[in-house]
Amino acid sequence: SSSRKRNTIATIATTAVTTVTTATATTTTDTENHNQNQGFIHNWISIISRLTAPGWLNLAADSMHNFTDGIAIGAAYSLKKPTGASVGCSHSHGLGHDHSHSSGDTLAIAMALSVLLHEIPHEIGDFIVLVKSGLTKAEAIKAQFVTAGAAFVGCIVGLFFGQLGTGVATIIVAVTAGGFLYISTVGMLSA
């Protein structure tokens, strides 16, 4: 009885996926697009079905991590001052150009570089977890690109909240910097 229920559920799920795929694909008149859509959906269904619990946790945590990285970058860029409002060096080197730097420019560049540099070892570790969780190397790379999309969403959120006032952006940047320091010190102390 329970195996019959499982077979019925599997049949219903397969029929639903086929129906959705067919409905989506029939809106296009190009047979090649139809085949590409089916291949794309079946590819992701295959990836999802083979992924183990640690892989799911890794993807969820990496998406949240990338989202917060994006918020930090967006908030840092929202602290940039408008052109002409510079702080720091504003001197000419006799080369016909001016080196005026905004403190917001420096902070934004520093934030983007710090996120980039800490992401390199982080993403390598995530890649290894995903491969150990049942994905091929190519599938793990594709999954990493999907989670990276959360950084773009986070950046938009950071820019939005940063526009509410410099106080909000400053708090976001300070909390993020504290998080970077916490993670790096805990990582070093636990080793």
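The paragraphs below walk through a few places in this structure, which is a predicted model.

A useful place to begin is helix 3, which spans residues 53–78 and which holds N66. This asparagine has a relative accessibility of 5%, and because buried means under 20% relative accessible area, N66 counts as buried. Leaving aside residues up to four places away in sequence, N66 touches E119 and E123, and it also touches T147, A148, A150 and A151.

From there the reader can turn to helix 4, which runs over residues 103–132 and includes G125. With a relative accessibility of 30%, G125 counts as partly exposed, whereas N66, at 5%, counts as buried. Although G125 and N58 are 67 residues apart along the chain, their C-alpha atoms are separated by 9.9 Å.

The last stop concerns the aromatic rings, for which the count comes to one aromatic pair. That pair is formed by F160 and F161, whose ring centres lie 5.3 Å apart and whose planes stand at 70 degrees, so the arrangement is edge-to-face; the reasoning rests on the cut-off that planes over 60 degrees apart count as edge-to-face. The two partners fall into separate accessibility classes: F160, at 52% relative accessibility, counts as exposed, while F161, at 37% relative accessibility, counts as partly exposed. The boundary that matters for F160 is the one at 50%, because exposed means over 50% relative accessible area.

Key: Residues are numbered from 1 along each chain as its sequence is written. This is a predicted model: local features need pLDDT of at least 70, side-chain atom pairs count only at pLDDT 80 or more; totals for chains, interfaces and linings use all residues. Side-chain values use heavy atoms; hydrogens and water are left out. Helices (H or I, at least four residues) and strands (E, at least two) are DSSP runs, numbered from the N terminus. Buried means under 20% relative accessible area, exposed over 50%, partly exposed in between (1.4 Å probe, protein chains only). Rings of Phe, Tyr and Trp (its six-membered ring) pair if their centres lie within 6.5 Å; planes under 30 degrees apart count as stacked, over 60 as edge-to-face and the rest as tilted. Contact means heavy atoms within 4.5 Å.
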